[in-house]
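Let's take a walk through this structure, one stop at a time. Have the model open and follow along.

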Amino acid sequence: MKYFYLIICFLFLTMNVRSQVVTTDPSMVVEGVPVTITFNADEGTGGLEGYSGDVYAHTGVITDASTSDSDWKYVVADWGVNIPRAKLTRISTDQYQLSFPDGIRSYYGVPDGEKILKIALVFRSGTTVGGVYLEGKETGGKDIFVSVYDLSLSVGFQQPTDGGLFQPGESVVVSGSAIDADGLRLYLDDAILSQVTGTELSHTFTAPASGSHLLKLEAYNSNGSVYDEVRFFIRQPTVEQTMLEPWRNGVNYLSETQVAVVLQAPDKEYVYLLGDFNNWEPLPEYQMLKDGEFFWLTLDGLTPGQQYAYQFFIDGELRLADPYANLILDPWNDQYISEDVFPDLIDYPTGLTEGIVSVFEPDSPSYQWQVTDFTAPPTHNMTVYELLIRDFTDEGTIAAVTEKLDYIQSLGVDAVELMPFNEFEGNDSWGYNPSFYFATDKAYGTPDDYKAFIDACHQRGIAVIMDVVLNHSYGQSPLVQMYWDGDKPAANNPWYNVNHNMQNPDAQWGYDFNHESEYTQALVDSILSFWMSEYKVDGFRFDFTKGFTNTIYGTTSWASEYDASRIAILKRMVDEVRKRDSDAIVVFEHLADNTEEKELANYGILLWGNHNYNFSEGIMGYNSNSDFSWASYLNRGWSEPSLVGYMESHDEERVTYKALSYGDSYGDYDVTDLSTALQRDEAAAVLLLSVPGPKMIWQFGELGYDVSIDEGGRLARKPTRWTYLQDPDRVHLLDVYQRMNRLRNEEAAFSTSGFVLDVTGSVKSIRLNSPDNDIRVVANLDLIPKTVTPSFSQSGWWYEYFSGDSINVSGAATTVTVEPGGYRLYSTSKMVGFGTLPTLIDAPQSEQVNLELFPNPVSQILTVNSSVPVKNCTIYTINGVAVFSQDIWEPQLNVAGLADGLYLIKLKLENGEDRYGRFVKIQ
């Protein structure tokens with residue numbers, strides 16, 4: 001479309017004219033003239049059709065100071081704030097009006113000199129329904145825009161829309177308006193169809209038999225003329241033809257210059273392929289062929305290595321990105337992704353289409369994997385580290401997380417679980433609002449950045465678990481939009497249920513997948529297969545698997561009771577995963593009835609075990625509800641150690657925050673004191689990680705993260721806390737996690753099935769018995785010292801791991817005294833790391849040796865001062881790996897080449913003694 005002379009913006013690429021969700025009086029909006037906007041709720045999307053309550057406008061303007069259509073200026077009222085001047089007047093069912101009696105500049109308060117280009121609108125319900133506002137938007141959930149014109153000679157079509165499709169012989173209705181015109185002329189391919197005097201024109205003609213055609217509307221007066229153009233196309237009958245090969249959905253790369261594009265679209269009549277290769281026009285040669293319920297087309301003569309943007313144009317109504325796309329362009333959110341995060345992202349085809357578009361690249365460079373034969377560690381005693389890419393580093397990118405892998409490795413974990421990173425709506429999210437299931441989210445980096453992270457994890461022996469959300473989608477998903485009925489998925493949607501099966505509002509998110517549908521099952525299998533093959537992920541954590549059912553549950557149920565249909569659906573899915581990778585890690589966030597979880601566990605599936613409440617109570621000092629015996633898979637009656645126990649995940653309040661905010665006290669002992677709270681965190685960590693079976697740590701939990709989950713809003717970005725590494729008390733907690741994980745990895749006793757938990761009271765104990773080593777763990781979560789009977793299994797020497805001390809046990813009745821917040825880990829054999837690591841950075845030395853390390857933390861030069869001459873030194877990672885040595889002593893050590901993290905330095909003194917110290921390396 002083109003505007004010449006005085007026309008200032010592309011009116012007819014805006015959706016308001018396509019679907020008539022809004023109409024205006026006058027038909028062409030100009031400044032300084034009263035305007036009335038009529039909203040037709042039954043024409044848009046978002047749920048306001050049939051709504052009987054008050055409706056408000058969330059509205060602003062696009063001006064010449066706006067950077068894009070998402071950059072609204074002079075917004076009237078924040079979202080959810082009801083003010084009288086934004087309230088619409090109901091004039092009939094589903095029809096409302098908003099008036100600007102003094103003109104739009106006055107209404108919005110736009111200063112003189114700033115040109116108004118468009119009015120931007122979203123209509124919403126006056127109150128929430130089911131916890132959310134009902135919205136009135138354009139088809140596909142897009143914002144509504146109304147263009148604004150100058151008072152001088154101007155002209156524009158009301159209909160037809162640019163790019164419209166008509167069948168041969170169909171009646172084409174034309175209407176248009178002008179400002180300051182003496183008359184109008186309508187042309188079809190340069191031949192005059194109609195001419196009138198005045199400023200309004202209406203005309204109807206019969207569509208030609210084929211081809212693409214140009215309508216031109218000219219307005220004229222004594223000073224000259226201007227015109228507007230729209231192009232329309234004649235649709236031919238869809239050709240039925242079998243696909244040349246059994247291609248999969250999406251783009252199939254046939255050669256470096258040829259692709260085949262496939263869309264599965266049951267019940268759809270015709271589809272055009274639009275893109276950079278045809279100027280986004282529905283030309284006859286780009287009408288897709290039909291094979292049953294699949295539409296397909298091959299594209300030839302493409303340029304190798306060039307990225308092409310494309311969409312499907314479905315039944316002349318919907319322009320949608322490919323649901324199987326590996327890369328998308330988002331006209332609203334991409335502008336906020338920096339070049340550093342995603343370099344060389346191609347430009348959005350502004351003015352040529354609307355909505356999200358997909359991208360393909362023939363003969364694109366392949367990532368060169370360094371590890372091609374990785375085998376994930378066994379899961380029976382796996383320790384998983386869960387993290388949110390957005391909040392784990394200051395940069396908030398997957399590349400920055402890769403730079404922190406030395407730190408993650410130092411924890412001794414076996415796997416990293418990434419919260420959802422396939423494309424989700426917007427750029428700032430936890431990721432549980434997925435939109436495109438085969439594309440990585442660009443806000444975190446490029447596809448190769450993700451692959452480099454996974455490759456680097458595998459080089460370190462760390463598995464990668466991908467959090468996937470297959471319970472629901474939101475309105476941005478093309479699979480939702482393809483079959484839509486006003487405010488919910490249509491009854492013929494192949495993939496989604498019309499209504500939520502979970503009637504409890506607290507268990508409703510987006511639009512439910514119908515997991516009984518063969519379409520959904522094929523989609524799920526394809527999604528999981530893609531990530532395993534293309535990105536080499538080692539397994540999946542499935543969000544809210546309790547929702548994978550069509551059983552209807554009431555408002556008082558979270559679907560926790562046994563559901564045989566759900567079990568069958570989940571087992572089928574897992575079977576398909578194992579066909580593709582028999583060693584794939586499968587983790588469910590199920591949290592349902594134990595009868596159901598036991599069956600899934602015995603099927604080899606890992607299940608989340610949430611013990612946040614119990615551990616929080618114990619750490620705070622309220623032990624009447626601190627029993628975490630359900631952390632034992634044996635206590636649940638399971639035959640396999642499939643319970644992933646944790647005291648924090650992304651979903652729970654942080655235990656340290658609760659301790660500091662609500663902890664109990666007794667005399668001078670106060671849990672709200674930071675060092676006290678951190679010591680109690682240590683006791684809780686020792687208890688949790690001593691229980692056999694897989695475990696999970698939430699990011700920064702090993703450092704006592706104390707920022708509330710609700711700070712700034714539950715889903716809001718949270719600050720990183722790498723400065724915690726400068727706090728000796730927090731580093732001590734980190735050391736406990738590292739040492740416990742090392743024991744879990746290297747000591748068989750921590751995998752024994754011969755264990756007993758006695759954790760109902762304030763003093764908690766765990767007994768582990770194995771052929772070569774018996775272990776007794778005791779912790780005092782009371783507020784006063786306690787005398788404890790660890791129930792030693794034999795007489796003789798027992799070794800306390802953390803202190804390096806030992807006691808001679810006379811029998812099972814032997815007692816030990818444990819201070820509040822204290823803990824002990826005794827074993828019949830000395831275990832790996834026993835007595836070799838000091839417990840503090842500033843651990844006390846003998847009276848004869850004074851040792852000083854500075855600066856600490858250090859970025860480049862570490863200076864070591866010792867009152868006794870030093871012979872040589874060695875620097876170790878916290879896992880005991882030597883990374884630096886110096887045989888000829890120099891007190892200034894260049895540590896610039898070390899990765900960020902915590903290190904142990906061992907000094908060999910001239911007198912033959914060894915001394916240890918710690919330091920933290922930072923950038």
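Asp190 is exposed, because its relative accessible area of 64% is over the 50% cut-off. Keep in mind that this is a predicted model. You'll find Asp190 in the loop between β14 (183–188) and β15. Its backbone is worth a look too: phi is near 75°, a positive value in a residue other than glycine.

Now jump to Ala559, which also has a positive phi, of about 60°, although Ala559 is not a glycine. This residue sits in the loop between β33 (539–542) and α9 (564–580). Is Ala559 buried or exposed? With a relative accessible area of 0%, Ala559 is buried.

Back to the strands around that first loop. β15 belongs to an open sheet of five strands, and the order is β12-β18-β17-β14-β15. The pairing in this sheet is mixed. In general, strands of a sheet pair through backbone hydrogen bonds, in either a parallel or an antiparallel way. At the edges of the sheet are β12 (164–166) and β15 (191–197), each of which pairs on one side only. If you ignore direction, neighbouring strands here are turned by 25° against each other on average. Zoom in on β12 and you'll see that three bridges join it to β18 (residues 224–234), with the two strands running parallel. Leu165 stands opposite Phe233 in β18.

Next, the interior. As a general tendency in soluble globular proteins, nonpolar side chains are buried together. The largest nonpolar core here has 174 residues, and the members that touch the most others are Ile408, Phe453, Phe588 and Leu825. Which helix gives this core its largest share? That would be α13 (residues 674–690), with nine residues. There is also a second, separate core of 31 residues, which includes Val29, Phe39, Leu48 and Val61.

Stay with Ile408 for a moment. Leaving aside neighbours within four places in sequence, Ile408 is in contact with Tyr385, Leu387, Phe392, Val413, Val416 and Ile462. Phe453, another of those well-connected core members, is one of the buried residues of helix α6.

That helix deserves its own stop. α6 (residues 447–459) has 13 residues and reaches 19 Å from its first C-alpha to its last, close to the 18 Å expected. Its buried residues are a mixed set: Tyr450, Lys451, Phe453, Ile454, Asp455, Ala456, Cys457 and His458. What do they pack against? Their partners are the helices α3 (389–392), α4 (398–403), α5 (405–410) and α8 (518–534), along with the strands β29 (415–418) and β30 (463–468). After α6 comes Gly461, whose phi is positive, near 80°.

Further along the chain, find Asn780 in strand β42 (residues 774–780). Asn780 counts as buried, because its relative accessibility is 0%. Where does its polar side chain reach? It reaches the backbone oxygen of Val818 at 3.0 Å. The backbone oxygen of Glu819 is also there, 3.3 Å from a polar atom of the Asn780 side chain. If you don't count residues up to four places away in sequence, Asn780 touches Ser762, Val763, Pro785, Lys786, Val818, Glu819, Pro820, Gly821 and Gly822.

Ser795 makes a good follow-up. It is placed in the loop between β43 (786–788) and β44 (796–800), and it counts as partly exposed, because its relative accessibility is 45%. The side chain of Ser795 reaches the backbone oxygen of Ser810 at 3.0 Å. Not counting residues up to four places away in sequence, Ser795 touches Val809, Ser810 and Gly811. For a sense of how the chain runs here, check Ser795 against Leu783: these residues are twelve apart along the chain, and their C-alpha atoms are separated by 30 Å.

The last stop is the loop between β48 (851–854) and β49 (861–866), where you'll find Pro855. The peptide bond from Phe854 to Pro855 is cis, with omega near -10°. Pro857 is found in the loop between β48 and β49 as well. Here, too, the bond is cis: it joins Asn856 and Pro857, and omega is about 10°.

Technical notes:
Residues numbered from 1 in each chain as written. Predicted model: local features only at pLDDT ≥ 70, side-chain atom pairs only at ≥ 80, totals over all residues. Heavy atoms only, no water. Helix = DSSP H or I, 4+ residues; strand = E, 2+ residues; numbered from the N terminus. Expected span 1.5 Å × (residues − 1). Buried < 20%, exposed > 50% of the residue type's maximum accessible area, 1.4 Å probe, protein only. Contact = heavy atoms within 4.5 Å. Polar contact = N/O pair within 3.5 Å; in protein donor to acceptor, adjacent residues only side chain to side chain. Core = buried A, V, L, I, M, F, W, Y, C linked by side-chain atoms within 4.5 Å. Pairing = 2+ DSSP bridges. Axes fitted to C-alpha atoms, helices over the stretch in contact; angles between N-to-C directions.
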